[in-house]
Amino acid sequence: MNFPGRLPTTLTILPTYNCTAACENCCFGSHPGIEQRIPLARILDYIDQAAEMKSVRLLVFSGGECFTLGEELVIAIAHATVRGIAARCVTNGYWATSDERAHERLEPLRRAGLRELNISTGDYHQQFVKPSKVVTGAIAAVRLGMKVVVVVESRKGRGFTAEHLYSDDRFAALAANSKNSNLISVIESPWISMQQADAVEHASLALTNKANLHTKKGCDSVLNTIVVTPSEQLGACCGLTREQIPEMHVGSLRDTSLQELFQKAVQDFLKIWIFVEGPEQILAWAAAKDKGIDWENKYSHHCDACRALYADEKVRRVIREHYHEKKEDILLRFALLNNFGDYSNDEPPRKLVTIAPRTARSQKVMSAGAGGLTTNTAAADHPA
Amino acid sequence: MSALSGGKDTRTALLSLSLISRDGDSVLGNVFIVVEHEASGQKWRGLRYHLKTKSYIYSALPEGRFRFRVVAAGYRSKEGQVDLREGASQSVAVLLSPETPNAPLLINVGADIAEYEQFSRLLHSRRDVRDRFGVKPAEMLQRHFEKEDQTTSIEKPNLSIQSELLAALICDTRVIDALSQPIYLLTPNVLAEWLESRLLTAWKFDGLPARERIVRPLVEQRVRFYVLVKALVHNRLIGARLHCPDESELTLHILRFLASLDSPNLDAVIPILVQLLDPELAPVEKLARALLQCFNARVPTGAAVPNHSGLLSAKFPDQGSFELDLNSLSKVLIRDEAAKMLVSTPATEGADLEERVTALMFLLAEIGHCVAGALGHSTSYIEGLLKVRDYQ
């Protein structure tokens, strides 16, 4: 059954969870000892399958550390570019050991069509990759005309913040250059615990509760971004906690096509509900039915709330027993949302003027130039 | 458990954890380990992996008893403990058992597909691009639900405010026009000229190219913002939930709002000012601030230098009486202790004032909650309209 209007716009390929770093609370527990990796031929096949869906316009390579793919990364990006799919890479910047070396790594990727580079950094990443490499990588990318987003871990009590990046003279100069104002931005993204709740603390203002619930939106990842994992499973979202949510694993791509699996995913009402209202709203709704559900002031990130939604047996029970009360309303809104997005596969959308940079989740964004934090959002595929 | 030979540091201990599945394979990836020193409570969570021994290494540990907890996706969490002597290196093999999965929480809407397709078919039946937004599919849907339908089994759904709002927005041609029409069709040129002159007065730009690159897009953003706020205030559903000011009052407020964006102090005090002086405009103010998240309506930080000597007052040609010395206003407000107290401790200025302010605060809370709740969603829908969640 093909649901009209709902097709993914982004394919994220996680070719490996192997990483040059081994950050505490890395969302995929990546580290140098992991060997599993998708063969290049299969990666190219997934890109072909995504291109056939016609709705996919962005390919994101993340991981793990996708730069460990070496030449294969260049080939895969060129393969996507030829098929009209833009590419983004998410990296920790370990390869930017010098200006020359960074240029050598990026220049073939740029020629292959890479237009955006996301570099992850923060207290945990810096135990393995110095901030100077992040800056070197960002400079090299901007010089090649790539858009660069530096993603800084955010949590309570952290040592390194976005402001620290600007204290690097080279980065400050890069950001201050008005020619680069559209090319470079810095995002602060919550670093969430993958093991015990107390492993990563967040400022109380960052936590979801009744007072700020109305600001929580639908998830822009589920059913919008599909993910190919190193074990060649299709994930229904690119969330940080996806690996810990079995329901977000749709099936194996080794025996079923990407499109077939996606169509299977989009028949799940709960995923549709998460897309429309977001996990926080669902948790709050469930808590209204069962007062024993504890959800306030616990979650700073969509994905954290989503993991709780799936893990809490009380929430699962309320959803099973009462979802039908929301069904019509959610399905109607889903239909409406699909109708005015440009996802429909049978007619072109009306051209709307874009008046804001890409935004998605509640994260802080600093535009080029120091200071001036504005509430803005950014894509969630930054596990590197 | 077996001791490894060696250990470079004779004072500290080393713990090596290897994780093994039932079939004898090493468990790698999506593994999260916490090692805790029982005596001090200190925890280690790093993933230092040793390739040769295929194990996770925790070095420079003090002596004593350690508890460890292993969480691995797809496996049951496992806990254990180990005693480390000073200078010792110990290896622990942890056998992980597959997790017994819950019954998957998947709710197949296959049975509801016919219903869903009715919605979609109605919406998608508008083949003409203009009709797609102009024929008010959501209103059609609502009419469809309201009548006793003889041709379909669809029952009238219990629509949430969010669904109503979304339906109301996507079929509102003023809203869609605000987002899609060229700006010269949206308002008279005089607004764009006024916005440009204000920007050039309030900021010093570094050279003509920067000015061109920054000012023009900003003017366009602000024009759209102006038109969109007006469209939203006049939207049937939103308008029904907030006091709809008269046109000139609304115009004045949005212009004042836009002007305040060039003055950080003023930007901070305008919401207070509005709550104090124009409580009925407070919801509009909230609406504008919610929308601002979708717009690049501010001068990018670092792209220009504030022109503190420049007057922030300016006359808008179509509003003969509209002249605001906003800087002076902000200074007055910032220095006005009574104004501050009015906001923070309303019960200080006599019964009348207290009653007035208390009533005002309750009213604002009520309206603000209602509107902000709705806008939290409308903002995301507008973002959807703008396709901002997509890759640009």
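Me: Does A:Phe334 count as buried or exposed?
Reply: The cut-offs settle this one: buried means under 20% relative accessible area, exposed over 50%, and partly exposed in between (1.4 Å probe, protein chains only). At 0% relative accessibility, A:Phe334 counts as buried.

Me: What kind of model is this?
Reply: Residues are numbered from 1 along each chain as its sequence is written, chains are lettered from A and ligands numbered from 1 in the order in which they are written, and side-chain values use heavy atoms, leaving out hydrogens and water. Local features need pLDDT of at least 70, side-chain atom pairs count only at pLDDT 80 or more, and totals for chains, interfaces and linings use all residues; the model is predicted.

Me: How many helices and strands are there in chain A?
Reply: Helices (H or I, at least four residues) and strands (E, at least two) are DSSP runs, numbered from the N terminus. For chain A that gives 12 helices and 11 strands.

Me: What percentage of the 384 residues in chain A is buried?
Reply: Start with the outside: chain A exposes about 12700 Å², with carbon and sulfur atoms supplying 51% of it. Those areas come from the Shrake-Rupley method with a 1.4 Å probe, and for residues only the protein chains shown count as cover. Of the 384 residues in chain A, the buried percentage is 66%.

Me: Among contacts in chain A between residues at least 6 apart in sequence, what percentage joins residues at least 24 apart?
Reply: A contact means heavy atoms within 4.5 Å. Among contacts in chain A between residues at least 6 apart in sequence, the part joining residues at least 24 apart is 74%.

Me: Which helices help cover the buried residues of α10(A)?
Reply: Nine of the 10 residues of helix α10 (residues 302–311) of chain A are buried, so it is largely enclosed by the rest of the structure. Among the buried ones are A:His302, A:Cys306 and A:Tyr310. Their cover in chain A includes α8 (269–277), α9 (279–289) and α11 (313–322).

Me: Which residue forms a salt bridge with A:Lys210?
Reply: A salt bridge needs a side-chain nitrogen of Lys or Arg within 4 Å of a carboxyl oxygen of Asp or Glu. A:Lys210 has a partner whose closest N and O atoms are 3.7 Å apart: A:Glu296. That pair links distant parts of the chain, 86 residues apart, with A:Lys210 in the loop between β6 (184–190) and β7 (225–228) of chain A and, in the loop between α9 and α10 of chain A, A:Glu296.

Me: Where does A:Arg316, the salt-bridge partner of A:Glu247, sit?
Reply: Both A:Glu247 and A:Arg316 are buried. Their side chains meet in a salt bridge at 3.0 Å, N to O. The two lie 69 residues apart, with A:Glu247 in the loop between β8 (233–235) and β9 (249–252) of chain A, and A:Arg316 in helix α11 of chain A.

Me: What type of aromatic pair do A:Trp273 and A:Trp285 make?
Reply: Rings of Phe, Tyr and Trp (its six-membered ring) pair if their centres lie within 6.5 Å; planes under 30 degrees apart count as stacked, over 60 as edge-to-face and the rest as tilted. The structure holds 10 such pairs over all chains. The rings of A:Trp273 and A:Trp285 have centres 4.8 Å apart and planes at 70 degrees, so this pair is edge-to-face.
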